[in-house]
Amino acid sequence: MITRTKGGTEVPLWRRPRVILWAVAAVTTVGFLVALEITARHYGLRGPLTTEARELVYPPKSGFLLYASMGLMMVVLTWRQRLVAAGVAVGIDVVFLLVRWASGYHFDLDEGHPFGNGALWVLLGYAVIAVTRRTGQERALLLKGVALGLLLMAGRKTGDTWLLITSKSRPTVLDQYVATADHALGNPSWLVGRLVNASGPVGTHLLDYVYAQLAVAAVVVALYQLRNVAAERRFPRHHLVRTFLVIGLLGPGIYMIFPVVGPIFAYGPGASGTGGLEWAAANLWPHTPTPITTPHPMLYDGITPRNCMPSLHTAWATAIFIHSRKGPRILRYGGAFWLVATLAATLGFGYHYGADIVAGVVFTLTIEAALRAQARGWDRSGTRLVAHGTAVFVALLLAYRFLPLEMARLPWLFGPLVILAMLSVIYGYLRTTSRWEPKPVPAPRPEPQPEPV
C-alpha cells in the first residue's frame, strides 16, 4: 500500500517510522497483556483480558472509569458524533439494566456498577468503524482515540491483576523496615490517621471518594489537554494519559522488589476484608508508634496486595497536579485539592507510610521528566534530570531497606536528608522544564512613519 511520496519516491505504509513505532508498541502491549493473563491463570486468577471481556455483559467494577475512557476516545469526534456515541452508550446501559431487572439478576454494589457496559460496547464499535469505514489519517486518528480509551481501561485491569500476583508471589513483606525508617519522618501515617478519625464520617467519606475516583480526576485533566484534538486532527506530543500509563506499568515492578502492605495491615486490623490482627506484627496503628527494634521480613496473608512502595496513588495525584498547572483556575484548584486529599487519604487510612509518599513523588517526577524529554528530543539537561531522579529513588529504597535503624535513631539527620533529596528532584524538575517552555516572542513594533507635510 502506497501512502505518500518523498523526493519523488513512493514510500510504502509499512516503512513509515510512525507506523512501525505504533506497530511495535501494539505488539508489545498485547504480548504483555497475554503474559500477564497466563501468569494470573497460573495463580488461579482472572487476568486483565478475561476480566475486561466479562464486562461486556457482567456489571463492571467501575462504570465511571468506562465512561471516562469513552470520553477520552471522543476527543477525536465531532460534537454531533459525541452526542450520538453518548446516547448509544446510555441506551445500551438502559437495555442491560432492564434485562437484569426482568430476569431477577442481583449483584452486590460493592463488587460492580449497574452501568458502564454501554461505554465499552461503544468503544469497541468505534474500533470496528475505524477499520471498516475510515481510511488514511482519519482511520489513524480514530484508532488512536480508541486505543487511548482501551489503554486506560486495560491499565486499571492490569494494575488489579498485578496486585493479586504480588499477594500470591511475595509471601513475606518488608513493613518493619519501612515503619522503622519512617521514624525519621515523624511517623506521619500515625499522626494523619488520628486526624482523619477525629474528622468523623464526613471527612472519611470525602477522602474515600477522592481516593477511589482518582482515574476520573485524571480524565478531567486529560480531556482539557486533548480538547483541540478534533479540530487540529492530531494529538499533542505529551499529555497526562502517557504519564498515567507509564506509572501504572513500572510501579508494580517495584512492588515485586520491595513488597509492603501498609500500616493498617502490618500494625492494625486490616481493611476491606484482608489482613487482620492474626497477621499484624502488633495492634498499634494509629495511636501507638512502632517501637524502634531490629526489623525482619514478616509473613503475611496471600490476599492483601503488596502495593505500598512507592505510593502510586501519590504518584498519580502528583501527575494530575503537574498537568493541571496550565489549565484554568478551577482546574488548577482541583489538581491541588486532589493532591492534598489523596495524600491525606493514603496516610490517614493507613494505606501508606511517609516513606512511600516521598518515594512516590520522586518516582513521578522522574517519569514525567523522561516522557517530556522524549517528546521534545533528548538533550543533556533531560538526561541529567532523569539520571538524578533515578539515583535519588534508588538511594531511598536502599536506605529504607538497609539503614532503617540508623534512620530511626538519628531522625534529626536522616529526616532532613530524605526531604532534601525529594526537594532536590522537585527543584531540578522545575528548573529544567522551565527552560523547555517556549519563550513568548514580543510582537514587532511598527516603525515610525514620517508625518505628511
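Which side chain meets that of Arg41 in a salt bridge? In this predicted model, the partner is Glu37, with a nitrogen-to-oxygen distance of 3.4 Å. Both residues belong to helix H1, where they stand four residues apart, or about one turn of the helix. The two ends of this pair differ in their cover: Arg41 is partly exposed, with a relative accessibility of 48%, whereas Glu37 has a value of 9% and counts as buried. Side chains of opposite charge can pair when their charged atoms come close.

The pair in helix H1 has company, for a search of the whole structure finds five salt bridges. Among them is the contact between Asp379 and Arg376, whose side chains meet at 2.6 Å, N to O. Here Asp379 is partly exposed at 27% relative accessibility, and Arg376 is partly exposed at 35%. Another joins Arg306 to Asp301, with 3.7 Å between the closest N and O atoms. Where do these two residues sit, buried or exposed? Both Arg306 and Asp301 are buried.

Helix H1 also takes part in a feature of another kind. Val30, Val34, Ile38 and Leu49 make up a nonpolar patch on the surface, and together they have about 340 Å² of accessible area. Helix H1, which spans residues 17–42, gives the most to this patch, with three residues. One member of the patch, Val34, lies in helix H1. Val34 has a relative accessible area of 36%, so this residue is partly exposed; patch members need over 30%.

Methods: Residues are numbered from 1 along each chain as its sequence is written. This is a predicted model: local features need pLDDT of at least 70, side-chain atom pairs count only at pLDDT 80 or more; totals for chains, interfaces and linings use all residues. Side-chain values use heavy atoms; hydrogens and water are left out. Patches are made of residues with over 30% relative accessible area and no salt bridge: like charges are joined within 9 Å, nonpolar side chains (Val, Leu, Ile, Met, Phe, Trp, Tyr) within 5 Å. Accessible areas come from the Shrake-Rupley method with a 1.4 Å probe; for residues, only the protein chains shown count as cover. A salt bridge is a side-chain nitrogen of Lys or Arg within 4 Å of a carboxyl oxygen of Asp or Glu. Helices (H or I, at least four residues) and strands (E, at least two) are DSSP runs, numbered from the N terminus. Buried means under 20% relative accessible area, exposed over 50%, partly exposed in between (1.4 Å probe, protein chains only).
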